[in-house]
Every structure is written in C-alpha cells, then in structure tokens.
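I opened a new notebook page for this structure. Below are my entries, in the order I looked things up.

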Amino acid sequence: MVVKVIPEHRDKLGRLLKVGDCVAYPSSNSLIIGTVKKLTPKMVSVAMVSSKYKWTQKKYPADLVLLEGPEVTMYLLKESAK
C-alpha cells in the first residue's frame with residue numbers, strides 16, 4: 001500500500017501554507033491575490049481570485065506571502081461577487 005505524503009511548504013515569512021489559503025504572489029510586474037489550489041513536492045499551485053479563468057500558476061513557496069485578516073475576507077467576498 002502506498003501512503004501519500006502531503007508536502008509541507010512555508011511562505012516568505014515562515015508560516016505554514018495549506019490548500020485554500022489566501023496568498024499574494026508576483027506575476028510579471030504586479031502583485032496578485034490568489035488561493036492555494038495544490039501542494040506539489042517542490043512548488044505550490046495558485047489560482048488568481050479575481051480572474052474569470054480557472055487556470056493556475058506554479059510558484060515557489062518563497063515567492064508567496066500568506067494573507068490573513070478581515071480585509072482579505074472582504075476582498076474575497078467582493079471579488080467573488082463579480
């Protein structure tokens with residue numbers, strides 16, 4: 001029997017990342033707000049929150065910053081209503 005091990009990744013500030021967490025990450029010349037969709041052994045798959053498309057990007061954990069607090073909740077509610 002094969003046991004599936006979930007990789008443990010930490011953001012730029014050393015906080016543990018989980019699937020579903022809200023993160024900020026660089027893309028080209030801007031800062032994007034997204035959610036963690038999948039953890040791979042080496043990288044983290046993230047999807048942009050305000051995009052109508054459902055594709056994901058793979059980023060190194062050191063390129064991500066975990067976002068928390070009521071401001072993030074309000075942003076997610078506002079962008080999901082569009």
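Is E68 buried or exposed? I looked it up in this predicted model. E68 has a relative accessible area of 58%, so I noted it as exposed.

**Entry: the salt bridges**

Next I wanted the partner of E68. I found that its side chain meets that of R15 in a salt bridge, 3.9 Å from N to O. The two come from distant parts of the chain, 53 residues apart. E68 sits in the loop between β7 and α1 (70-80). R15 sits in the loop between β1 and β2 (16-17).

I then checked R15 itself. With a relative accessible area of 27%, R15 is partly exposed. R15 also forms a salt bridge with D11, where the closest N and O atoms are 3.3 Å apart. How does D11 stand, buried or exposed? D11 has a relative accessible area of 5%, so I put it down as buried. The cut-off for buried is under 20%. I drew D11, R15 and E68 as a network of salt bridges.

How many salt bridges does the structure hold? I wrote down three. Another of them joins the side chains of E8 and R10, at 3.5 Å from N to O. E8 has 56% relative accessibility and counts as exposed. R10, at 43%, counts as partly exposed.

**Entry: the sheet**

I moved on to the strands. In what order do the five strands of the open sheet run? I read the order as β6-β5-β4-β3-β7, with antiparallel pairing. β6 (57-59) and β7 stand at the edges. Each has a single partner strand, so one side of each is left without a neighbour in the sheet.

I looked at β3 next, residues 22-27. Why is β3 described as largely enclosed by the rest of the structure? Five of its six residues are buried, and therefore I marked it as enclosed in that way.

I followed β3 to its partners. β3 pairs with β4 (residues 30-39) in the antiparallel sense, over six bridges. In that pairing I traced S27 to its bridge partner in β4, S30. The hairpin of β3 and β4 has two residues between the strands. There I noticed S28, which takes a positive phi near 60°.

With β7 (residues 65-66), β3 shares two bridges, and the two strands run antiparallel. Which residue of β7 is the bridge partner of V23? I found L66.

Then I took β4 and looked towards β5 (residues 44-48). Five bridges pair β4 and β5, again in the antiparallel sense. One residue I followed was T35, whose bridge partner in β5 is A47.

**Entry: ahead of the first strand**

Last, I went back to the start of the chain. Where does V5 lie? I placed V5 in the segment before β1 (9-10). V5 has 69% relative accessibility, so I listed it as exposed. The cut-off for exposed is over 50%. I also took a distance from V5 to V19, which is 14 residues apart from it along the chain. Their C-alpha atoms are separated by 14 Å.

**Entry: recap**

I closed the page with two reminders. D11, R15 and E68 are linked by salt bridges. In the sheet, β3 has β4 and β7 on either side of it in the order.

Key
Residues numbered from 1 in each chain as written. Predicted model: local features only at pLDDT ≥ 70, side-chain atom pairs only at ≥ 80, totals over all residues. Heavy atoms only, no water. Helix = DSSP H or I, 4+ residues; strand = E, 2+ residues; numbered from the N terminus. Buried < 20%, exposed > 50% of the residue type's maximum accessible area, 1.4 Å probe, protein only. Pairing = 2+ DSSP bridges. Salt bridge = Lys/Arg side-chain N within 4 Å of Asp/Glu carboxyl O.
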